[in-house]
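Me: Please take a close look at one part of this model, the largest cavity and the helices around it. I would like to know what lines the cavity and how those helices pack.

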Amino acid sequence: MNAVEIKNLTKIFGSTVALNNLSLNIEKGKITGLIGADGAGKTTLLRTITGLLVQNKGAISTLGYNPIIQKEELTHHIGYMPQKFGLYEDLTVIENLMFYADLKNVPYDFDKKLDFTGLKPFQSRLAGALSGGMKQKLGLACTLLGNPELLLLDEPSVGVDPISRRDLMKMVREMISSNTSVLWSTAYLDEAHSFDTAVVIDKGKIIYNGAPHNLGSNAQEFEDNVIELMGGYKREESLIAKNYNYTAPKVELTVEADNLEKRYGKFYAVKNNTFKIKKGEIFGLLGPNGAGKSTSFKMMCGLARPTGGSARIMGVDITKEPEKARSNLGYMAQKFSLYGSLTVRENLEFFASAYGITARDRAARISETIEAFTLEKYVNQKSDELPLGLKQRLSMACALIHNPPVLFLDEPTSGVDVLTRRDFWNHITSLSNKGVTILVTTHFMDEAEYCDRISLFYKGETIALGTPEELKLKALKLNTKDRLRSELDKKNLPTMEETFITLIKDSEKK
């Protein structure tokens with residue numbers, strides 16, 4: 001029996017076809033993953049299933065109801081967690097739960113949910129003060145109130161670290177009843193094997209629907225096959241790196257942090273952070289939400305003043321000579337930080353001016369950047385109107401427009417499709433080969449493999465530092481009591497995600 005039945009569904013916004021003659025059945029009592037990039041049609045599909053959007057063509061049945069004419073009856077049977085779930089940040093954890101219980105007219109029976117989410121000690125904390133992972137857990141707990149027959153989750157794990165992502169899936173599996181159906185949308189292809197059924201959507205069409213293992217027994221195989229279904233990926237020479245004209249730094253250590261510290265009252269966001277990055281190195285900062293990665297970035301860029309220690313870019317102290325240090329740096333922030341009301345060209349003009357490119361050189365540099373990032377079609381379009389992949393491309397273009405020797409990228413590929421991700425890393429590795437130093441954070445564990453070295457961050461401190469293989473070997477030895485056995489198993493190293501989880505859990509024991 002099916003919880004949702006969709007036939008020839010089409011939804012159009014202006015000139016954009018969001019859903020293109022899509023047909024799909026969601027099996028009752030199963031967890032179905034809806035996998036696709038930002039703009040693929042996931043959110044539109046979920047909103048149509050709930051009756052929040054009305055299709056242009058096609059038919060849809062949700063739990064036997066017509067969501068257009070029976071929306072009020074249907075609402076009592078579903079739980080819907082939108083992409084930006086409406087937690088009230090000025091209410092506490094318990095107050096948010098009480099509010100949603102009142103909305104659903106269900107009793108204040110929160111003990112099991114508070115225990116399972118680990119939020120019991122934080123009941124009196126404001127929702128706005130929670131970490132990203134904890135906010136998602138609270139949002140999911142609110143959505144699960146009333147034991148819905150159909151649970152619709154729109155990217156509940158976006159921007160969430162691997163440990164929290166596993167916790168969210170465990171929470172769903174253990175807290176729903178056996179006949180509850182779940183449709184979970186995600187941009188993370190490595191989540192595919194967590195689902196009973198994987199549905200891959202691209203440009204409003206279903207390109208795969210079936211058991212995850214039938215498309216690949218592990219995350220990398222699955223991704224490679226999805227890329228083939230999307231038309232394949234051909235790596236080409238990076239025009240960005242090819243046109244990157246800058247003077248190679250004379251210093252060998254281009255980025256240095258020495259006992260860097262950021263304290264808020266008695267709380268340490270970053271504590272005793274020390275690392276040295278060489279010219280042309282790709283250095284990864286990995287860690288759970290709230291570990292202190294973005295705070296470190298902001299201190300290294302001069303956007304937040306350290307309460308202790310020092311940081312240097314190209315040998316220049318960021319606190320003593322911030323402008324000089326920042327002139328050597330390109331920074332791509334975690335959240336889209338461009339000006340939405342400005343066009344693509346206007347954003348490039350603004351950042352070219354802000355980075356000190358002279359009026360005489362500005363026009364030529366902007367033209368080169370537009371060509372290198374293939375932005376010709378969008379130069380007169382406002383950046384707010386761009387899909388996420390193009391926004392990220394423009395954000396990187398603005399960070400690189402002055403050809404800096406050092407580049408900071410804070411989760412540059414979050415939410416973009418798999419082909420765009422591969423393009424981004426083609427550019428990043430090509431820039432590294434030209435001698436550009438790159439500091440990057442990511443929640444995609446497969447991306448960590450591109451890094452020359454990784455600093456694993458937890459609770460504001462570095463708990464492991466080394467190459468991807470060195471960290472994997474460390475995790476292997478922690479999981480293998482017999483040292484000889486661990487030496488023999490070097491060919492069967494754990495994945496980067498398994499390594500991440502093992503090292504974090506080992507740190508917690510200490």
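Reply: The model is predicted. The largest cavity is lined by I240, N243, Y244, R365, E368, T369, A372, F373, L400 and N403. Its volume is about 70 Å³, and it is one of 3 cavities of 30 Å³ or more that a search of the whole structure finds. Sorted by class, its lining holds 5 nonpolar, 3 polar and 2 charged residues. Helix α12, residues 359-372, gives the largest share of that lining, with 4 residues.

The packing of α12 is the next point. Helix α11 packs against α12 at an angle of about 130 degrees, and the two axes are 10 Å apart. Angles over 145 degrees count as roughly antiparallel and those from 65 to 115 as roughly perpendicular, and α11 and α12 are therefore oblique to each other. Their crossing is right-handed. On the α11 side the contact is made by R345, L348, E349, A352 and S353, and on the α12 side by R362, I366, T369 and I370. This contact comprises 4 nonpolar, 2 polar and 3 charged residues. T369 is thus named twice: it meets α11 as part of α12, and it also lines the largest cavity.

From α11 the path leads on to α13. Helix α11 covers residues 344-354 and helix α13 covers residues 388-400; their axes come within 9 Å and cross at roughly 25 degrees. Since angles under 35 degrees count as roughly parallel, α11 is roughly parallel to α13. Here too the crossing is right-handed. V344, N347, L348 and F351 of α11 meet L394, A397 and C398 of α13. The residues of this contact are 6 nonpolar and 1 polar, with no charged residue. L348 takes part in this contact with α13 and also in the contact of α11 with α12.

Helix α13 in turn packs against α14. The angle between α13 and α14 is about 15 degrees and their axes are 12 Å apart. That makes α13 roughly parallel to α14. The crossing of this pair is left-handed. Q392, R393, M396 and L400 in α13 meet F424, I428 and L431 in α14. By class, the contact has 5 nonpolar residues, 1 polar and 1 charged. L400 brings the account back to its starting point: it meets α14 from α13, and it is among the residues that line the largest cavity.

Helix α14 also has a part in an open site, the second largest pocket, with a volume of about 750 Å³. Of the 31 residues that line this pocket, D190, A219, Q220, T495 and E497 are the closest to its centre. The elements giving two or more residues to the pocket lining are α6 (162-175), α7 (219-229), α14 (418-433) and α17 (496-509). Among these, α6 provides the largest share, 4 residues. The pocket lining has 12 nonpolar, 6 polar and 13 charged residues.

For completeness, the second largest cavity has a volume of about 50 Å³. L144, N147, P148, M175, I176, S177 and T180 line that cavity, and its lining divides into 4 nonpolar and 3 polar residues with no charged residue.

Note on methods:
Residues are numbered from 1 along each chain as its sequence is written. This is a predicted model: local features need pLDDT of at least 70, side-chain atom pairs count only at pLDDT 80 or more; totals for chains, interfaces and linings use all residues. Side-chain values use heavy atoms; hydrogens and water are left out. On a 1 Å grid over the protein atoms alone, a cavity is a set of points where a 1.4 Å probe fits but cannot get out, and a pocket is an open set with protein on both sides within 12 Å along at least five of seven lines; lining residues have an atom within 4 Å of a point. Grid points are joined across faces, edges and corners, and a volume is the space filled by probe spheres set on the points. Ala, Val, Leu, Ile, Met, Phe, Trp, Tyr, Cys and Pro count as nonpolar, Asp, Glu, Lys and Arg as charged, and the others, Gly among them, as polar. Axes are lines fitted to C-alpha atoms, for helices over the stretch in contact, and angles run from 0 to 180 degrees between N-to-C directions. A crossing is left-handed if the near helix is turned anticlockwise from the far one by less than a right angle, and right-handed if clockwise. Contact means heavy atoms within 4.5 Å.
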